[in-house]
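Work through the exercises below with the structure open. Try each task before reading its solution.

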Amino acid sequence: MNKINWNFNNTYFSLSSSFKENINPVPVKNPELVLINKTLASELNLNFSKVTEKELSEVFSGNSLPNGSNPIAQAYAGHQFGHFTMLGDGRAILMGEHISKNNERFDIQFKGSGQTPFSRNGDGRAALGPMLREYIISEAMHSLNIPTTRSLAVVKTGEDVVRESILQGAILTRVASSHLRVGTFQYVAMRKNESELKTLVDYTIERHYPNIKKSKNKAVDLLKVLIELQIDLVVNWMRVGFIHGVMNTDNMSISGETIDYGPCAFMDTYDPKTVFSSIDEFGRYAYFNQPSITKWNLARFAECLIPLIDPKKEKAIEIATETINSFDKSYETKWINMMRDKLGLFGQDSKDQVLIIDLLTWMHKNKADYTNTFCFLMDENFQHNKIYNNENFLIWKKRWKERLKLNNSTPEKYLSLMKSVNPLVIPRNHKVEEVLEYANNNDFSPLKKLINVLEKPYEKTKENIDYQYPAPVSDKKYKTFCGT
Ligand code: AMP
Ligand code: MG
């Protein structure tokens, strides 16, 4: 019976066996539903009204396979911190592609669902904390209007997972417009089978970019589309101070969504060198490095496409290089326009860049909170913080006010622009840690409250206030961990 209304149509499963392995989730001992995303479920046209919570636990743990699913582990490779490796879904299983009421196609994936042929030495499992963390942050990103994979459910498995300590096991249901990654292309390119590469390019275009289906050079056009989408994505990350933390090529989606919430975190005090991940020793994935790493990853993507760009290798490399080099100019333009929006600046003035850089430099020198500085510029009654009485800040603010006059518009208009791009609330690290600690001790209400607050990041509400403060000052640097 299909009481939930699954509507699977599994195109990736239909590809040849070189792209994936057929494998079912490994059943778990005692599944217990802890989070279910009813809003997302309704967008997907799933119906939970005829099922009990126990049945939902069975479904979202993989114990009871959804009707029409064709579980597979996808093959992929990737550059991890610059080193090329064969990877694949080692602890995730793609159940299939669900078609929503708007005829949109979504991958339904279980993360933490047991070993697969790609597990190497891993146990194929995930711990509760990191799965809840992915739920909180991916949903927050969605509410911040940033393309992202979504989170539909978290189920505790009733089994332990052994990491540095013994933790509770859990499975996250991840929803994505696809799980095609730069690493998927790297895996296929590595096999040096041009027909497989063609299949993958055609599959990608059919699924994501049908408007370039008829183009003369599909490979180059696909590269161009992805460059612009990834620029848009990283500009959005820079806008809200998001640090992905592990921008390996296997964690870069071909759909342009943020994917793989491992050691990610939001920057509080403005410092372009901010890194949270404990394994990112050299700051490869630091806040300010994210654009250049995006470009580096796109260059790896371009390399995969070489055989399809032009039959003459040298010519193909020349075209790919030229295309990749369009990144810098486009990023710069999109970044400065995003910063103009954050400051409510209409049009362009030759001094805009200096004005923006001077604010960032001031924030860095004075250890100002990135999010809250923009909140203060929108509303001076926002949190009385003496940092904003600083003389250099007042001088900067005068220059900003002068520039606002060039808008030739009303304060209502520029404020409304600022309010649409400057969040009042972000998933602050100390708050996320706090709710996860409660959740690990079986109290899920602080977690649910945080998730609710993060649903309206641009709205001023009474509930927001407690979540707007930076972490209390302490010497301990916030660290996030991989291998979650
Ligand atoms: P990630 O750091 O989540 O991007 O994962 C990198 C690679 O390691 C992917 O191939 C994962 O499937 C794999 N992996 C991560 N954790 C585990 C685990 N516990 N068991 C098996 N494979 C894992
Ligand atoms: Mg990954």
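**Exercise 1.** State whether the residues that coordinate the magnesium ion are buried or exposed.

*Solution.* Keep in mind that this is a predicted model. Start with the ligands of the metal. The magnesium ion (ligand 2) is held by Asn251 through OD1 and by Asp260 through OD. The distances run from 1.9 to 2.2 Å. Next, check accessibility. Buried means under 20% relative accessible area. Both Asn251 and Asp260 are buried.

**Exercise 2.** Work out how helix α6 and helix α7 are oriented to each other.

*Solution.* Locate the helices: α6 covers residues 218-240 and α7 covers residues 290-309. Their axes come within 10 Å and cross at roughly 170 degrees. Angles over 145 degrees count as roughly antiparallel. Therefore α6 and α7 are roughly antiparallel to each other. The crossing of these two helices is right-handed. Now list who touches whom. On α6 the contact residues include Leu222, Leu226, Gln230 and Trp237; on α7 they include Thr294, Leu298, Phe301 and Leu305. Sort the contact of α6 with α7 by class: 16 residues are nonpolar, 3 are polar and none is charged.

**Exercise 3.** Do the same for helix α5 against α7, and classify the contact.

*Solution.* Helix α5 spans residues 194-208. The axes of α5 and α7 come within 10 Å and cross at roughly 105 degrees. The range for roughly perpendicular is 65 to 115 degrees, so α5 is roughly perpendicular to α7. From α5, Glu194, Leu197, Lys198 and Val201 make the contact; from α7, Cys304, Leu305, Pro307 and Leu308 do. By class, the contact of α5 with α7 has 6 nonpolar, no polar and 2 charged residues.

Key:
Residues numbered from 1 in each chain as written. Chains lettered and ligands numbered in written order. Predicted model: local features only at pLDDT ≥ 70, side-chain atom pairs only at ≥ 80, totals over all residues. Heavy atoms only, no water. Donors = N, O, S within 2.8 Å, 3.2 Å for Na, K, Ca; no water. Buried < 20%, exposed > 50% of the residue type's maximum accessible area, 1.4 Å probe, protein only. Axes fitted to C-alpha atoms, helices over the stretch in contact; angles between N-to-C directions. Helix = DSSP H or I, 4+ residues; strand = E, 2+ residues; numbered from the N terminus. Parallel < 35°, antiparallel > 145°, perpendicular 65-115°, else oblique. Left-handed = near helix turned anticlockwise from the far one by under 90°. Contact = heavy atoms within 4.5 Å. Nonpolar A, V, L, I, M, F, W, Y, C, P; charged D, E, K, R; others polar.
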